[in-house]
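Please look over the sequence and the model below before reading on. The notes that come after it are a short briefing on some local features of the backbone.

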Amino acid sequence: MTVIADDGPLTLADIVRRTGHSRATAHAVVSELAARGWVNRSGDGHFTVGPALGDLAMSIAHADPVSRFARPVLEDLAAELAMDCFVARRTGGEVTIVESVSTTAPSRHHEWPATGATMPLRPPVCREFVAWETPEARAAWIARAPAALRTRLGLALDAVRARGVAIERMTDEHVTLLTALDSLDSTDLPAGMRRQMGEILSHLTAIDYLSDELLDGADATISAVTVGAPVTDAAGSVIASVVVCPSGNLTPPELQRVVDAAQAAAGRLSAPRG
C-alpha cells in the first residue's frame, strides 16, 4: 500500500482514497508501520516517511554497491571502448542483468539481454562465475553439461581463471551467419525471427578460448562475442560480472585493450578484500 506521495505528507483520508482500502484497514496498516518506525505520524494526523525506512534503503544500497554503481561504471566503459556492455549479478542459482549500456543501434542479428533479464547459472554460460569456485562446486556445475562438453568446460574454467576473464568465441559458422545477416535490411527480420537467430547463434558459439588458442601475432584476428570480467565481494567470491560485447574480430592488442578495460571496470565494482 502506498503511503507517501511525491507531493508531500498524506492524511488517513488521502491514503484511503489512493489505495482503495477501507478506513479501518488503512488505519491498522499505517499504525503498524508507525509502530515499526517506517512512517512518522504528526500531531495533525499527517503521515511521512519514517527513519526506519530510510535506514533500510541505505542498508540495501550499502549491501549491494554493484547495482548502485553499475550505471556510471558501464557508461565510462562503453565510452572508452565504443562497445555495448552490461553487468550481470549473481543471486543463488541465477544471474540477473542489473544494468546495460548500448553504444549502437539495435542489432539486426542479436539482441543482448535486457536489464532485468535472468538466466540460470548453468553450463556452458557464466563461466567467470564458476572458475574461482571450489573444485567440488566446479565439478557439480560441469556435471550438469552434456557429457561431450565436460572435458572442454573443465579446460575452459582453468583458462578463465588463469587469464582472469571469460572470452566467448565465434566459430567460422557463427561469423558466416553474422555476415549473411548483416547483408539483410532490418525490416526483413521481425523481432521473433531476430530472437530465433540469436538462439541459433548461441548454439554456434564455442566454449571459450583455451590458452593455446589465442594467437600472438599483431596481424592475427580473434573472433570474440563477449569478454566477461568477475566482480568480487570482500571475501573474494565472484558475485557479478562486467561483460563487454565486441561481437566481432579483434587483433590481440585490441582484445587485450578490451580485457584490461573490463577488468578495470570490474575492479571498480569489487569490494576491498577483507
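What follows is a briefing on one helix and on a few unusual backbone positions.

The model is predicted. The points below begin with helix H4, which covers residues 65-81, and then turn to two loops.

**Helix H4**
- Helix H4 has 17 residues and reaches 23 Å from its first C-alpha to its last, which is close to the 24 Å expected at 1.5 Å a residue.
- At Arg71 the helix has a kink of about 40°, and this kink lies shortly before the proline Pro72.
- The buried residues in H4 are Val66, Ala70, Val73, Leu74, Leu77, Ala78 and Leu81.
- An α-helix has 3.6 residues a turn, so residues three or four places apart point the same way.
- The partners against which the buried residues of H4 pack include strand S4 (84-91), strand S8 (222-232) and helix H10 (252-269).
- Just after H4 comes Ala82, which takes a positive phi of about 55°.

**The loop between S6 and H5**
- Pro123 and Pro124 are joined by a cis peptide bond with an omega of about 10°, and Pro124 lies in the loop between strand S6 (118-120) and helix H5 (127-130).
- Cys126 is also placed in the loop between S6 and H5, and its phi is near 65°, a positive value in a residue other than glycine.
- Cys126 counts as buried because its relative accessible area is 10%, which falls under the 20% cut-off.

**The loop between S9 and S10**
- Ser247 is found in the loop between S9 and strand S10 (248-250), and its phi is near 50°, a positive value in a residue other than glycine.
- With a relative accessibility of 29%, Ser247 counts as partly exposed.

Notes:
Residues numbered from 1 in each chain as written. Predicted model: local features only at pLDDT ≥ 70, side-chain atom pairs only at ≥ 80, totals over all residues. Heavy atoms only, no water. Helix = DSSP H or I, 4+ residues; strand = E, 2+ residues; numbered from the N terminus. Expected span 1.5 Å × (residues − 1). Bend = angle between axes of the 7 residues up to and from the residue. Buried < 20%, exposed > 50% of the residue type's maximum accessible area, 1.4 Å probe, protein only. Contact = heavy atoms within 4.5 Å.
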